[in-house]
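Colleague: I would like to go through the terms used for this model one at a time. Please put it on the screen first.

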Amino acid sequence: MAMDEPRKLRGHKSTATCCIASRDRPGLVLTSGEDGCVCWFDLRCKDVQFIIDFGTEPVSSLCFKTGNENILYASYGNEIKSFDVQTLSATSWKRLESFNYNKDEVNQVVCNGRSSFLASADDSGDVKIIDIGQKRLYKTLRAGHTSICSSVQFIPWRPWEVITGGLDSKLVLWDFSKGRSQKIIDFGSDTQNSSGQCLNPAFVHSIAIPEMDMVDKLGKICAVARGDGIVDLINIESELSQKGTSSKGSSSSSSSNNVIKRVCLDYSVGGHNAAVSCVAFSLFQEKGRFLISGGNDKTVKIWDCFKCLDPDNNNNNRDFLHLNINLSKKVNWLCTNQSDSENLVVCDTTRVVKVYSIT
């Protein structure tokens with residue numbers, strides 16, 4: 001399918017690293033970049049509305065405070081900065097708290113569903129859990145990863161648990177109230193590789209978890225973007241029921257009791273042929289129906305989750321890929337919004353952010 005030319009959002013002076021879309025304010029998109037800036041775009045307007053200059057280091061990650069999008073968190077070096085977006089003007093902004101608990105550069109910051117905790121994953125492999133109300137460090141999650149921790153997400157149906165991914169090819173499920181790992185999935189022990197699949201290490205670059213109002217349709221799953229070009233859909237509850245460390249090869253989907261335990265979206269079903277950098281569940285159309293993945297092969301792929309997770313569709317899995325979008329550059333990050341148009345935002349390795357309409 002031929003895609004219309006994307007809308008282009010200009011405001012950064014160098015590569016855009018992250019993007020988030022507002023749930024409460026239709027058309028609001030925030031992006032961060034290697035230029036140390038956060039850009040505020042209103043898709044109803046032509047130009048960037050505000051540019052917040054943090055300094056010379058890249059702003060690696062952004063998130064809103066859950067339930068209060070007036071509060072924005074941004075990771076800048078090894079620090080988490082927060083500010084009140086209601087105070088934004090063309091020349092100033094009001095900074096609130098600053099959390100400086102990570103010893104190394106933060107790769108992702110996220111807020112839990114109750115807006116009581118932040119989690120920040122850093123280059124040392126540690127994850128810091130920050131108590132927002134008490135403005136203090138709550139727990140350090142350590143010794144799960146032996147390399148960079150690239151991604152972290154809270155698990156909404158397990159309010160005291162997070163899941164992390166790293167450049168040691170491991171996916172780790174944690175009970176952060178105890179500061180202990182519960183389950184480690186090691187993609188690095190994958191000795192079988194699908195025909196045509198790239199041979200890069202199975203680093204975990206990104207994790208996506210469905211929101212609570214998606215779980216009824218999708219199940220209690222997570223999506224994993226891997227360095228070997230594979231996107232995995234994994235049933236978290238099935239994994240937790242198996243104790244210890246498990247390895248995941250590039251095997252076909254497995255299911256029992258009418259529950260899909262794992263779906264492997266690889267090259268053989270139209271997947272990526274280079275590292276996958278980002279995954280996100282869709283907010284447009286039927287919420288959670290699509291999983292969007294972007295990669296170093298300069299493509300964005302839109303997968304039909306309902307077909308992927310249908311136990312009766314295993315023998316007809318060529319239908320998984322709903323749409324393929326070819327780009328001119330590698331993908332850094334992407335997000336979606338709830339609009340009928342201009343609903344997919346992509347940060348590639350340029351300073352110009354692209355907005356596509358998926359219908």
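Colleague: What makes E342 count as partly exposed?

Modeller: First, some ground rules. This is a predicted model, in which local features need a pLDDT (the predictor's confidence in each residue, from 0 to 100) of at least 70, side-chain atom pairs count only at pLDDT 80 or more, and totals for chains, interfaces and linings use all residues. Residues are numbered from 1 along each chain as its sequence is written, and side-chain values use heavy atoms, without hydrogens and water. Now E342: its relative accessibility is 24%. Buried means under 20% relative accessible area, exposed means over 50%, and partly exposed is in between (1.4 Å probe, protein chains only). The value of 24% falls in between, so E342 is partly exposed.

Colleague: Where does E342 lie?

Modeller: In the loop between β28 (331–336) and β29 (344–348). Strands, written E, are DSSP runs of at least two residues, helices are H or I runs of at least four, and both are numbered from the N terminus. The protein has three helices and 30 strands by this count.

Colleague: What is unusual about the phi of E342?

Modeller: Phi is about 45° there, a positive value, although E342 is not a glycine. Most residues other than glycine have a negative phi. Q285 also has a positive phi, near 50°, and is not a glycine either. Q285 is in the loop between β24 and β25. With a relative accessible area of 43%, Q285 is partly exposed.

Colleague: How do you know that T336 is buried?

Modeller: The relative accessibility of T336 is 5%. The limit is under 20%, so T336 counts as buried. T336 belongs to strand β28.

Colleague: Which residues does T336 touch, leaving out those up to four places away in sequence?

Modeller: Among them are A21, F281, S282, I292 and L344. A contact means heavy atoms within 4.5 Å. F281 is 55 residues from T336 along the chain, yet their C-alpha atoms are separated by 7.9 Å. For the whole protein, residues 24 or more positions apart account for 50% of the contacts with a separation of 6 or more.

Colleague: Why is strand β24 called mostly covered?

Modeller: β24 spans residues 276–281, and six of its six residues are buried. In β18 (residues 204–208), four of the five residues are buried, so β18 is largely enclosed by the rest of the structure. Buried residues make up 57% of the 359 residues in the protein.

Colleague: How do you know that β24 and β25 pair?

Modeller: Two strands pair if DSSP finds at least two bridges between them. Five bridges join β24 to β25 (residues 290–295), so the condition for pairing is met. The two run antiparallel. One of the bridges has F281 with L291 of β25 as its partner. By the same rule, β26 (residues 299–304) and β27 pair over five bridges, also in the antiparallel sense. There, W303 has L321 in β27 as its bridge partner.

Colleague: What order do these strands take in their sheet?

Modeller: The order is β24-β25-β26-β27, an open sheet of four strands with antiparallel pairing. β24 and β27 (321–326) are the edge strands, each pairing on one side only. From one strand to the next, the twist averages 15°. Such angles are taken between N-to-C directions, from 0 to 180 degrees, with axes being lines fitted to C-alpha atoms (for helices, over the stretch in contact).

Colleague: What makes β6 and β9 edge strands in the other sheet?

Modeller: That open sheet runs β6-β7-β8-β9, with antiparallel pairing. β6 (59–65) and β9 (94–99) each have a single partner strand, so one side of each has no neighbour in the sheet. Four bridges join β8 (residues 79–84) to β9, and F83 has R95 in β9 as its bridge partner.

Colleague: How confident is the prediction on average?

Modeller: The average pLDDT is 90, and 90% of the residues score at least 70. Over residues 192–196 the pLDDT is below 50, and beyond near neighbours in sequence this stretch has eight contacts in the model. Residues 249–253 are below 50 too, with 15 such contacts. Where pLDDT is low, the predicted coordinates should not be read in detail.
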